[in-house]
Amino acid sequence: MSDETRIQGMGAIPHAGGVAFRVWAPYAQQVAVIGSFNEWDGGKHPMQAEENGSWYANVAGAHVGDQYKFLLTTVQGEFKRIDPYAREVTNSVGNAIVHDPSFDWAGDDFQLAPWNELVVYELHVGTFNEVDDNVPGKFATVSARLEHLRKLGVNAIQIMPIAQFAGERSWGYNPSHIFSVETDYGGPLGFKRFIKRAHENGIAVILDVVYNHFGPSDLDLWQFDGWSENGRGGIYFYNDDRARTPWGDTRPDYGRGEVRQFILDNASMWLDEYHVDGLRFDGTVYIRTPHGPGSADLPDGWSLLQAINTLVEQKYPGRITIAEDLQNNKWLTKDVDAGGAGFGSQWDANFVHPIRQAVITPQDEQRSLAAIRDAICYRYNDDASDRVIYSESHDEVASGQARVPQEINPDDPEGWYAQKRSTLAAALVFTAPGIPMLFQGQEFLEGGWFRDTVPLDWDQSDEFRGIVRLYRDLIGLRLNRDGFTRGLCGQSIRVFHLHDERKVIAFHRWDKGGPADDVVIVANFFREPQDGYVIGFPAAGIWKLRFNSDWRGYSEAFGDHSSADVVAEPGEYDGFPCHAALSVGPYSVLIFSQ
């Protein structure tokens with residue numbers, strides 16, 4: 001095959017005349033492709049050097065499904081390396097597999113919901129639905145629970161990383177091969193089938209990606225072609241102090257064109273070949289700075305984030321990118337044109353920490369309503385959906401912290417206090433402006449803390465089916481499913497009532513305002529009920545009680561306090577033209593609309 005007709009692309013590219021192979025190895029002296037198609041003989045298919053440090057060969061006898069590696073001859077000796085662009089591997093230290101990229105996506109014209117109508121559910125494939133003892137869950141076992149998620153009302157799943165990692169079990173934040181899908185979860189075909197099934201159920205798939213470091217174990221990229229400086233990682237990594245991360249000296253070299261393209265190609269692959277609806281970026285503070293919180297900017301990293309977000313906006317409009325930065329930095333979600341990183345949204349530390357603290361604190365007198373007010377009103381820029389809000393995530397329920405019910409009452413994480421106050425937090429997640437997110441099992445009071453070895457206890461979804469219903473009802477209201485609570489999809493919030501002694505906070509949510517739009521939320525953070533309690537209302541007339549978290553239908557432990565519709569009468573109160581007296585149970589939330 002002449003130079004003019006060389007197949008473009010990186011890695012293994014199947015075509016009508018065999019398989020073309022290309023690998024970037026600028027310091028190699030010679031490169032050959034070896035595999036099951038040539039008895040792993042390095043003499044049979046030498047690769048030709050190209051101008052930019054890449055090597056190329058076309059192998060007529062290679063086919064989809066063949067196993068292969070690259071054999072690199074270097075000053076440091078010979079190395080057999082797994083293809084960095086391998087779409088499939090036998091395992092993290094095995095061989096690459098020539099992957100067939102074709103898949104029947106017929107009928108998959110799914111569109112992500114508008115961002116102000118997203119409800120996200122974070123899950124970990126290995127533990128979400130483990131069917132066989134001591135065998136991690138798979139994409140297929142997650143698919144088996146899609147009906148549960150659909151009924152719950154979530155319309156987006158955020159999956160913890162599924163790029164091939166070392167070992168059988170992991171959170172996924174140790175990617176060995178970022179273009180391959182974890183074989184123990186079902187590999188690339190399993191992931192594609194899962195995404196198609198999720199889309200058929202009306203559920204988007206947002207994928208967690210890890211670009212702040214690679215590995216650090218089972219990492220063939222390390223000193224890939226023999227070259228390195230200062231004992232560091234070679235061509236894919238910084239070879240100076242910028243290599244350092246909390247997870248090893250494996251920060252990619254964001255300033256090197258081929259490495260930038262490697263990461264850009266990876267982001268494109270998930271959106272293009274897998275039809276994912278968005279990407280959640282792990283630890284962006286370790287991409288945009290050299291040493292994490294408080295350190296100087298790393299311009300290479302910042303410009304890479306801008307490049308990825310520009311690519312997504314131009315080529316995949318409507319898909320979402322989410323930053324996990326947690327440094328309260330509004331520039332992450334500003335437009336690239338304005339100097340921002342261009343993310344669609346970011347996880348919000350300003351919400352999760354005060355809200356968790358508010359419900360975990362044992363003494364009512366020590367709960368700060370001002371902190372709650374600031375948490376529910378916070379925004380980064382002009383759009384409330386540029387923050388993701390939650391009371392539980394994989395980070396918040398592990399590494400020294402537990403699930404919220406467990407933190408509230410370690411001795412009785414299924415008891416009254418744990419049920420009441422964890423659902424108080426959940427009600428704020430679904431009534432404050434932002435993109436609400438749950439963590440797997442939160443809807444049925446999963447206790448303990450998150451580990452990649454402990455599967456969800458699905459028996460609890462039956463035992464606490466009332467709590468599941470509470471979450472379902474909150475999600476229905478958040479998405480305005482019955483047409484009476486449009487304000488919860490809107491941008492606007494005003495905390496109009498805050499009584500620090502009686503621990504009652506009330507706020508108004510609206511989109512355009514008026515009947516079926518204005519929503520009033522009342523939250524009692526006190527252990528006693530409040531009866532005959534007067535607050536302001538935006539308009540006169542009947543305000544229907546749409547939700548009472550103390551309803552006994554949600555739990556036999558709840559008191560079913562006699563909360564009801566109220567009639568607002570003229571007379572200024574709390575800065576509103578009208579007012580009404582209401583009753584609210586202990587540690588309870590009421591939601592009213594007209």
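The buried residues of helix α7 pack against α5, β14 (278-281), α6 (285-288) and β15 (320-323) in this predicted model. Those buried residues are Gly301, Trp302, Leu304, Leu305, Gln306, Ile308, Asn309 and Val312. Helix α7 itself covers residues 299-315, 17 residues in total. Its first and last C-alpha atoms lie 24 Å apart, close to the 24 Å expected at 1.5 Å a residue.

The largest nonpolar core holds 136 residues. Within this core, Phe21, Phe191 and Trp270 touch the most other members. Helix α5 (residues 257-272) is the main contributor, giving eight residues. A separate core of 18 residues lies apart from it. Val520, Ala580, Leu582 and Val584 are among the members of that second core.

The next feature is a barrel. Eight strands close it, in the order β9-β10-β13-β14-β15-β16-β17-β18, with parallel pairing. Neighbouring strands of this sheet are turned against each other by 30° on average, direction ignored.

Strand β10 (residues 156-159) is covered on both faces. Ala156 and Gln158 are buried on one side, Ile157 and Ile159 on the other. In a regular strand, side chains alternate between the two faces of the sheet. Strand β9 (residues 120-123) pairs with β10 in the parallel sense over four bridges. In this pairing, valine 120 stands opposite alanine 156. Strand β10 also pairs with β13 (residues 204-209), again parallel and over four bridges. Here the bridge partner of isoleucine 159 is leucine 207 in β13.

Further round the barrel, strand β16 (residues 345-347) runs parallel to β17 (residues 387-389), and two bridges join them. Glutamine 346 stands opposite arginine 387 of β17. Arginine 387 also touches phenylalanine 351. Phenylalanine 351 sits in helix α8 (residues 349-360). Its relative accessible area is 0%, so it counts as buried. Beyond residues up to four places away in sequence, its contacts are Ala375, Ile376, Arg387, Ile389, Tyr390, Leu428, Val429 and Ala432. Histidine 499 is 148 residues from phenylalanine 351 along the chain, and their C-alpha atoms are separated by 20 Å.

Strand β21 (residues 519-524) is mostly covered, with six of its six residues buried. Val519, Ile521 and Ala523 are buried on one side. Val520, Val522 and Asn524 are buried on the other. Val520 is also one of the residues of the 18-residue core. Strand β21 has antiparallel pairings with two strands, β20 and β26. Six bridges join β20 (residues 504-510) to β21, and histidine 508 stands opposite valine 520. Six bridges also join β21 to β26 (residues 588-593). In that pairing, alanine 523 stands opposite valine 589.

Glutamine 460 is a polar residue of interest in helix α12 (residues 459-463). With a relative accessible area of 8%, it falls under the 20% limit and is therefore buried. A polar atom of its side chain lies 3.1 Å from the backbone oxygen of leucine 445. Leucine 445 is also among the residues that glutamine 460 touches, together with Glu414, Phe444, Glu446 and Arg465. This list leaves out residues up to four places away in sequence.

Several loop residues show backbone features. The peptide bond from glycine 215 to proline 216 is cis, with omega near 15°. Proline 216 lies in the loop between β13 and α5. Glutamate 39 has a positive phi, near 55°, and is not a glycine. This residue belongs to the loop between β3 (30-35) and β4 (48-49). At a relative accessible area of 58%, glutamate 39 is exposed. Asparagine 134 also has a positive phi, of about 65°, although it is not a glycine. Its loop runs between α1 (125-128) and α2 (139-143). Asparagine 134 is exposed, because its relative accessible area of 65% is over 50%.

How values were computed:
Residues numbered from 1 in each chain as written. Predicted model: local features only at pLDDT ≥ 70, side-chain atom pairs only at ≥ 80, totals over all residues. Heavy atoms only, no water. Core = buried A, V, L, I, M, F, W, Y, C linked by side-chain atoms within 4.5 Å. Buried < 20%, exposed > 50% of the residue type's maximum accessible area, 1.4 Å probe, protein only. Pairing = 2+ DSSP bridges. Axes fitted to C-alpha atoms, helices over the stretch in contact; angles between N-to-C directions. Expected span 1.5 Å × (residues − 1). Contact = heavy atoms within 4.5 Å. Polar contact = N/O pair within 3.5 Å; in protein donor to acceptor, adjacent residues only side chain to side chain.
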